[in-house]
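Here is a short briefing on pockets, written with a modeller in mind. Have the structure open as you read.

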Amino acid sequence: WHIDSSYMDVRSKEAALLCHEAPPISAPTWFADARSAYDDLPQAMKDRIDGLTARHCYFYSRMKAGYPTNEEELDAMPHAHQPVALDHRWSGRKTLYLGNHARDIVGMSREEGRALIEELNDWITQDKYLISVEYQAGDMSIWDNLAVMHRAGEYDDTLYRRDMRRTTIREPGVDAADDHFTKL
């Protein structure tokens, strides 16, 4: 589960996913509503996370997926600082802004921060906040990337092709230089 580009200083406001080729079996994309998940949090948790900042790192999520790196190398890599509970200015609601790129919480021990991130990610991905979308060639999904986490459904990619093309649109009204990934 992730939020596109949360590891960049300038967030991605929207994302579009266009299917060019879908497997002949179920291989959905799953979406989780992080605004409703925030709304349903117990007040004690809302109070606990109010004002907290998570550090997001692209290479942290890659390490979790098996990419050969370690914590010391990650410490030297770029991170973006994002609020755990983001004010979603277009809806006037708060949303949880975490996902698989969230590495730790500023001001907490790494162990405590990761436990909190895991707890909140598990909360967001409860069945009651999820929908899945099955694709055929030509289908497109567009979502609010500040309020939704997503992930690809599981299927055997050694047997079937799945060609999906994603486009992200930066958050409007943010005046910032190009991010560190421009250089990569």
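The notes below cover the two largest pockets of this model and what lines them.

This is a predicted model, where local features need pLDDT of at least 70, side-chain atom pairs count only at pLDDT 80 or more, and totals for chains, interfaces and linings use all residues. Residues are numbered from 1 along each chain as its sequence is written, and side-chain values use heavy atoms, with hydrogens and water left out.

**Terms**
- A pocket is an open set of points on a 1 Å grid over the protein atoms alone, where a 1.4 Å probe fits and protein lies on both sides within 12 Å along at least five of seven lines; lining residues have an atom within 4 Å of a point.
- Volume is the space filled by probe spheres set on the points, which are joined across faces, edges and corners.
- Helices (H or I, at least four residues) and strands (E, at least two) are DSSP runs, numbered from the N terminus.

**Largest pocket**
- Its volume is about 260 Å³, and among its 16 lining residues, His2, Asp4, Leu17, His150 and Arg166 are the closest to the centre.
- α3 (58-64), β10 (148-152) and β11 (163-170) each supply at least two lining residues, with the largest share, 3 residues, coming from β10.

**Second largest pocket**
- This one has a volume of about 200 Å³ and 13 lining residues, with Lys64, Asn100, Ile117, Glu118 and Asn121 nearest its centre.
- α3 contributes here too, alongside β7 (102-105) and α5 (110-124), each with at least two residues; α5 gives the most, 5 residues.
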